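Here's a quick briefing on the fold you're about to look at, with an eye on how its last few helices sit against one another. Take a look, then read on.

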Amino acid sequence: MRSLLVIRMENIISDPNQAASGLFPEMMLEENGYQVQVVDGDSSARVLRLLGEADAAVLDLPIEEIPEWEKLLSQSRPIPLLWWCSQQTASSSAEACETEIAIDGILTPSMRDRELHWALHFAAKQCMERQQWASERKQLQSRLEERKWIDMAKGILADMKNISEAEAYDLLRKKAMNERKRMVDVATAIVKAHQLLQS
């Protein structure tokens, strides 16, 4: 991980105290050998353009603004998201911390070089695990949806043909094989045809 994108809100950029203390994330990251692009958070089009070149994004934003950015960035490209936790960005109320946010790590101005490298390493790992979990969740939801259609079709066939659900399942499976279709597609067609005839 070498190239980082820092997204910052304008009110933080203009804070003279932070600038004077040298507590901008890009200063610390560049000192440790990272290539950093800084983007004003008001320029979402530019952020999305630069996102393709970045290995991770550092959000120098108040915590309550992170969900909006997390949603925008994840729709564009899965990338590790780290929050720059400084005096300015952490001034939110405790309620803001209860918000569902999908960040992969936290960086602070007091971090030393090794801490910084490990935080970025674990953020990349956390991002991969989060993406894998999201993919598995999507597959499970899809399977549950397919199971629902198959169960409804079994019930319809069992009632119409006066057979057991096991026999209805076999009938459904054979029909799918004969028509070279997925079982869920055959089941969906049966359920929709039945609903059409009932209405």
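Walk along the sequence and the chain runs β-α-α-α-β-α-β-α-β-β-α-α-α. That comes to 8 helices and 5 strands. Keep in mind that this is a predicted model.

**The chain overall**

- Of the 199 residues in the chain, 37% are buried.
- Take the contacts between residues at least 6 apart in sequence: 67% of them link residues at least 24 apart.
- The chain has about 12,300 Å² of exposed surface, and 51% of that comes from carbon and sulfur atoms.

**H6 against H7**

- Two packed helices are described by the angle between their axes and the distance between the axes.
- For H6 (residues 113–161) and H7 (residues 165–179), the axes come within 8 Å and cross at roughly 110 degrees. That makes the pair roughly perpendicular, since the band for that label runs from 65 to 115 degrees.
- The handedness of the H6 and H7 crossing is right-handed.
- On the H6 side, the residues doing the touching are Arg147, Ile150, Ala153, Lys154, Gly155, Leu157, Ala158 and Lys161. H7 answers with Glu165, Ala168, Tyr169, Leu171 and Leu172.
- Sorted by class, this H6 and H7 contact holds 8 nonpolar, 1 polar and 4 charged residues.

**Lys154, a charged residue in that contact**

- Buried or exposed: which is lysine 154? It counts as buried, because its relative accessibility is 12% and the cut-off for buried is under 20%.
- Lysine 154 belongs to helix H6, and its contacts beyond four places away in sequence are Arg147, Glu165, Ala168 and Tyr169.
- One of those partners, tyrosine 169, is 15 residues away from lysine 154 in sequence, yet their C-alpha atoms are 5.7 Å apart in space.

**H7 against H8**

- Next up is helix H8 (183–198), which packs on H7 at an angle of about 110 degrees, with the axes 9 Å apart. H7 and H8 are therefore roughly perpendicular to each other.
- H7 passes H8 in a right-handed crossing.
- H7 brings Tyr169, Leu172, Arg173, Lys175, Ala176 and Glu179 to the contact, while H8 brings Met183, Val186, Ala187 and Ile190.
- The class split for the H7 and H8 contact is 7 nonpolar, no polar and 3 charged residues.
- Tyr169 and Leu172 are worth finding in the viewer: they are listed in H7's contact with H6 and again in H7's contact with H8.

**The two loops between these helices**

- Most residues other than glycine have a negative phi, and most peptide bonds are trans.
- Where does asparagine 162 lie? You'll find it in the loop between H6 and H7. Its phi is positive, about 55 degrees, although asparagine 162 is not a glycine.
- Asparagine 162 is exposed, because its relative accessible area is 71% and exposed means over 50%.
- Arginine 180 sits in the loop between H7 and H8. Arginine 180 also has a positive phi, near 55 degrees, and is not a glycine either.
- With a relative accessible area of 79%, arginine 180 is exposed.

Definitions and conventions:
Residues numbered from 1 in each chain as written. Predicted model: local features only at pLDDT ≥ 70, side-chain atom pairs only at ≥ 80, totals over all residues. Heavy atoms only, no water. Axes fitted to C-alpha atoms, helices over the stretch in contact; angles between N-to-C directions. Helix = DSSP H or I, 4+ residues; strand = E, 2+ residues; numbered from the N terminus. Parallel < 35°, antiparallel > 145°, perpendicular 65-115°, else oblique. Left-handed = near helix turned anticlockwise from the far one by under 90°. Contact = heavy atoms within 4.5 Å. Nonpolar A, V, L, I, M, F, W, Y, C, P; charged D, E, K, R; others polar. Buried < 20%, exposed > 50% of the residue type's maximum accessible area, 1.4 Å probe, protein only. Areas by Shrake-Rupley, 256 points an atom, 1.4 Å probe, with all protein chains shown as cover.
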